[in-house]
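Hi everyone, thanks for making the time. I'd like to walk you through a structure that will be new to most of you, so let's bring it up on the screen.

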Amino acid sequence: MNGTGNIPILMYHSISISGNAKFKQFTVAPQRFAQQMAYLHAHAYTPMTVSQLMQARTQPALMPTKPIVLTFDDGLADFFTAALPILRQYQFGATLYITTAYIDATSRWLRHEGEAHRPMLTWEQVRAVQRAGIECGGHTHTHPQLDVLSRAAAAEEITRCKQLLEEQLAQPVLSFAYPFGYYTGLIQQLVQDAGYQSACAVKHTMSTSTTNPFALTRLMVSANMQLHDFEALLSGQKKHSLTTMYVRARTPLWQCARLSYTALVKRGAARAAMSEGKTR
């Protein structure tokens, strides 16, 4: 581990060259991703899965000198076609967080970003990913903002994806990632109650050996990150431009705004359903 005790947990989404304006920041070109992995290999980093990291935190002898954790959110098909071959080239482990409702389909939750038709993994590919040594974790069933759902609805999202993944993979699913990074103390507890042993947030800061296992901090690797920026990110020298946005987006005021918006959408849907019923 580095001298500061910091452990970088990197967060990727799509490894591709395409992306609409609202989604572009969540894409990393395959060539750039290959350069980043080559850098990690050349500088003797040891990639771990999230669950391997959690085990090493309780058994320090298992912690490598320069640990790093690679995570990928959503379960997009380009993980299989673009990221996995490069990870296998270097025999790197990683954790893939999967949104289960859209497996064998497309990323319909991204319709507001104009990305509803981005291909998702198939179940056959998910099983192949697991066989390749990649940890598969839960990322809810439909990718909602968990902190604006009712307790029952949030619990269903958290447990259903775990059950589906475990049925398909025939092994326990131990790690979870909060969609959008949104969570509360209640959501943390629901994740723990579901049987997960860890959960990743965002926060754009380094993780440490004492970070809350159900609020693991991650560093987002964005589309325009040059190799020198990537190096600075790993060393903790680069303050990510999204950090302020992340903190602001999780204030009680912003959560209230999102709650209000969700309530308006639900009322609108209810009125539309009633109106449709009257016209039949």
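Let me begin with a little quiz: is A170 buried or exposed? A170 is exposed, because its relative accessible area is 69%, and the cut-off for exposed is over 50%. You will find A170 in the loop between α5, residues 151–169, and β9, residues 175–177. There is something else to notice here: A170 is not a glycine, yet its phi is positive, at about 55 degrees. Most residues other than glycine have a negative phi. Keep that in mind, as we will meet another case shortly.

Now for the overall picture. What you see is a predicted model. The protein has 280 residues, and 50% of them count as buried. Its secondary structure consists of nine helices and twelve strands. If you take the contacts with a separation of 6 or more, 63% of them are between residues 24 or more positions apart. As for the outside, the protein exposes about 13200 Å², and 54% of that comes from carbon and sulfur atoms.

Let's zoom in on helix α3, which runs over residues 78–90. How far apart are its end C-alpha atoms? They are 18 Å apart, which agrees with the 18 Å that 13 residues should span at 1.5 Å a residue. There is also a bend in α3, of about 40 degrees at L84, and a proline, P85, follows within four residues.

Which residues of α3 are buried? The list is D78, F79, A82, A83, L84, I86, L87 and Y90. As a reminder, an α-helix has 3.6 residues a turn, so residues three or four places apart point the same way. The cover over the buried residues of α3 includes two other helices, α1 (30–42) and α4 (123–131). It also includes the strands β3 (14–15), β6 (67–74) and β7 (95–98).

Just after α3 comes Q91, and here is our other positive phi, near 55 degrees. Q91 is not a glycine either. Its place is in the loop between α3 and β7. Q91 counts as exposed because its relative accessibility is 75%.

From there, let's go inside, to strand β10, residues 198–203. Five of its six residues are buried, so β10 is largely enclosed by the rest of the structure. β10 pairs with β9 in the parallel sense, over three bridges. In one of the bridges, A177 has C200 of β10 as its partner. C200 counts as buried because its relative accessibility is 0%.

While we are on cysteines, C136 also counts as buried, because its relative accessibility of 8% is under the 20% cut-off. How many disulfides are there? The count comes to zero.

One last stop: H43, in the loop between α1 and β5, residues 46–48. H43 is partly exposed, because its relative accessible area of 35% falls between the two cut-offs of 20% and 50%. H43 and K66 are 23 residues apart in sequence, and their C-alpha atoms are 9.0 Å apart in space.

That's the tour. If you take one picture home, let it be α3, with its bend at L84 and the exposed Q91 that follows it. Thanks for listening, and I'm happy to go back to any of these spots on the screen.

How values were computed: Residues are numbered from 1 along each chain as its sequence is written. This is a predicted model: local features need pLDDT of at least 70, side-chain atom pairs count only at pLDDT 80 or more; totals for chains, interfaces and linings use all residues. Side-chain values use heavy atoms; hydrogens and water are left out. A disulfide is a pair of cysteine sulfur atoms within 2.5 Å. Buried means under 20% relative accessible area, exposed over 50%, partly exposed in between (1.4 Å probe, protein chains only). Contact means heavy atoms within 4.5 Å. Accessible areas come from the Shrake-Rupley method with a 1.4 Å probe; for residues, only the protein chains shown count as cover. The expected span of a helix is 1.5 Å times one less than its number of residues. The bend at a residue is the angle between axes fitted to the seven residues ending there and the seven starting there. Two strands pair if DSSP finds at least two bridges between them.
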